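Me: I would like to go through this model and ask, for each descriptive term, what justifies it. Please set each value against the definition behind it.

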Amino acid sequence: MNQPVPSSRAGRNLSLGTAIAALFSLAGCGGERGAGGEQGAAAHPGKDIFDRVCFACHSIGEGPRVGPDLKDIHQRREQDWLVRWMRDPLGMIETDSIGRAILAEWNNVPMAPPNLSDQEIDDVLDYISAVSEGRVIEVAAAEEGPIELSAEDFATGRRIFFERCAGCHGTLRAGATGPNIQPERTSQMGTAALRAILINGSPGGMPPWGQQGFLTDAEIEIMAKYVQLPPPDPPGRPLSEIHSSWDLKIPVEDRPTSPRTRRNWENYFGVILRDAGKVAILDGDNYQLVEVIQTGYAVHILRSSSSGRYFYAVGRDGRVTLIDLWSEKPTLVAQVQGCMDARSVDASKYEGYEDRYLIEGCYWPPQYIVFDGLTLEPLNVTSVEGNTYDTNEPLEEVRVASIIASHFDPVWVLALKESSGHVALVDYSKDGFPMVSRIPAERFLHDGGWDHTGRYFMVAANMRNQVVVIDVQEQEFVTKFETGIKPHPGRGVNWEDPDYGWVNATGHIGQGLIAVYGADPENRPEHAWKVVREIELDGTGTLFIKTHPKSPWVWVDMPMSNDPEDARKVCVYSKQEAKIHRCWQVGERGRSVHFEYNRDGTEVWVSVWDPEGEIVVYDDKTLEEKKRIRGDWLITPTGKFNVFNTARDIY
Ligand code: DHE
């Protein structure tokens, strides 16, 4: 319930961060519901006030927005407390324990004082209570004129949607990690509410694009309208088109037959320079920059070929780049664009198929492509369209999320994301690289990796707060279990716990929690696939967790935290003591994200994700800082991939 207040009051006794957030909050919420504020005048006197003052940030029974869903608020709080809150929310977040808790829970975005008279406060509280109890049902949608965008603004909206929104909401906007934002739903919310969410984010994990400066006011205005218009038809990508994008720069016969470099190439690190659209190759022995390769738009991950000789990079635009590490300097030898939107690739790793094939899974179109692993010549395209695993509804959008290659069978394991909820097995020893199994699992599958034996694939069903276990050897579903809010394990971690034997673990985007679960069904069946330890972290927003077989520690980041200080922190958990040993800030700016070990497992590299990026190298025994890698070229470093560890899936 926000409304402009005199600036002197907005800043009163607030910390700088809170005050800034308050100002953003004031800018973002408090929008009237639609241009025609008068149009929806209703019989209940509180409705107009709610529409004008509260609607942009709150709903009554439609779920949280920038602020909580106010349905049944009278059952949660006393009337007297609510009146005091409405009179002076900024005062109460300083003096009242519930007020402080609300501020923390809602992203530290304080509610601006609504500046209502006592009568208006009574009216609006009564209206909320009446709607909650079904006495008033006119919680109608936003009332505004038809939404229109010029062709130019529509094109801008389309670009921004691809860059910022499709990853979580889906190309067709049907919802995935983020909620459904198709016009039927967004037009109910209206431009003001959408604008507020775009500025302030939501506690469900929507980033505050406006606050963070990723979108300008004009872009926010466009996006608040764009998502109320029907999505444009996304193009397909048949094999013929993929083929015409194939660019073989250096044929296999013109490449070296043995390493031409004297460097220890198996200890190279491929570092993603996300916003530069480049990959830097660093020498892990001496931290020198060996080469920067122009790969293309928003590179997302790297994977190694089975021998380690080649790096495969995939960008969000579906472009795959093949980098040869045996030449004197790492060299881009081929490129191809298999998807319009993609996040993952992996190589063939089974004996006899080393460096032979590569698979790319698409976010759009719903398909995977198999390429020749040495040239990237596209060989085959297979659709992954299908029905939901539980309700058996046909789906237009089925996205391929994580992909891992088995070391024991000629198969790739694909997590068919969000709505489909299947894990697919693709057999690359068979003609046409068919999907030989489609195992029902859980919806919203995202990222995952192997257990310590390489037999079980553990993958997060992140919007269901679960981890799913698949027995890849037997090609069957084993189990699924709850861990916490939005598990995000990356490829996960394996170690031997002093009490529970082999375990695996995940951090969480929505909760400051490491969940450790048993992962040794053969020797410790009593603990297998059960959460055996829950380790609390101060901050939420974990993306990656990492260890190495030689390490006494498990490293965890929290770059998605809304608290900038927490977002810069990493923590190490002691395997022996089974508790957090230390947390600290890695850099003075940006966010600390993703870990990678060197070949020997003696050092850990952490990225400072910032336009002026850094990579900070720590001794993995003492946790002392050994090196801060800097340079003009080090723009927004995110993932780092050591050749030896990535080729062998050491984690
Ligand atoms: Fe990733 C892994 C998808 C946002 C950096 N990311 C993955 C994987 C998937 C995925 C499916 C697993 C790949 C695999 O193992 O085969 N990522 C997505 C998204 O859909 C999402 C949430 C939103 C989007 O629009 O892309 C997303 N990812 C991000 C980021 O914002 C990160 C931090 C930086 C960036 O690229 O923009 C990011 N994701 C990474 C990294 C990995 C990754 C570094 C590989 C981790 C590893 O150690 O293997």
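Me: What makes strand 27 and strand 28 a pair, and in which sense do they run?

Reply: This is a predicted model, in which local features need pLDDT of at least 70 and side-chain atom pairs count only at pLDDT 80 or more, while totals for chains, interfaces and linings use all residues. Residues are numbered from 1 along each chain as its sequence is written, and side-chain values use heavy atoms, with hydrogens and water left out. Strands, like helices, are DSSP runs numbered from the N terminus (E, at least two residues, for strands; H or I, at least four, for helices), and two strands pair if DSSP finds at least two bridges between them. Strand 27 (residues 553-557) and strand 28 (residues 569-574) are joined by five bridges in the antiparallel sense, so they meet that requirement. One of the partnerships links Val-556 to Cys-571 in strand 28.

Me: Why is one side of strand 26 and of strand 29 left without a neighbour in the sheet?

Reply: The open sheet has four strands in the order 26-27-28-29, paired antiparallel. Strand 26 (545-546) and strand 29 (579-585) each have a single partner strand because they stand at the edges, and one side of each therefore lacks a neighbour in the sheet.

Me: What is the strand order of the open sheet that includes strand 34, and how is it paired?

Reply: The order is 4-3-2-34, an open sheet of four strands with antiparallel pairing. Here strand 4 (289-294) and strand 34 stand at the edges with a single partner strand each, so one side of each has no neighbour in the sheet. The twist from one strand to the next averages 20 degrees, an angle between N-to-C directions on a scale from 0 to 180 degrees, with axes fitted to C-alpha atoms. Strand 2 (residues 268-273) and strand 34 are linked antiparallel by four bridges, with Lys-640 of strand 34 as the bridge partner of Val-271.

Me: How many bridges join strand 3 to strand 4?

Reply: Five bridges join strand 3 (residues 278-283) to strand 4, and the two run antiparallel; Ala-280 has Val-292 in strand 4 as its bridge partner. The two strands form a hairpin with five residues between them, and in the turn Tyr-287 has a positive phi of about 65 degrees. Ala-298, in the loop between strand 4 and strand 5, has a positive phi of about 40 degrees although it is not a glycine.

Me: Why are helix 5 and helix 8 called oblique to each other?

Reply: The axes of helix 5 (residues 79-87) and helix 8 (residues 118-132) come within 10 Å and cross at roughly 125 degrees. Angles under 35 degrees count as roughly parallel, over 145 as roughly antiparallel, 65 to 115 as roughly perpendicular and the rest as oblique, and the two helices are therefore oblique to each other. Helix 10 (residues 183-200) and helix 11 (residues 217-226) pack at about 125 degrees with axes 9 Å apart, so they too are oblique to each other.

Me: How do you know that His-300 is in polar contact with a nitrogen atom of the ligand?

Reply: A polar contact is a pair of N or O atoms within 3.5 Å; within protein, one must be able to donate a hydrogen and the other to accept it, and residues adjacent in sequence count only if both atoms are side-chain atoms. A polar side-chain atom of His-300 lies 2.9 Å from a nitrogen atom of the ligand, so the pair falls within the limit. A polar backbone atom of Ile-403 is 2.9 Å from an oxygen atom of the ligand, and a side-chain N or O atom of His-594 is 2.7 Å from an oxygen atom of the ligand.
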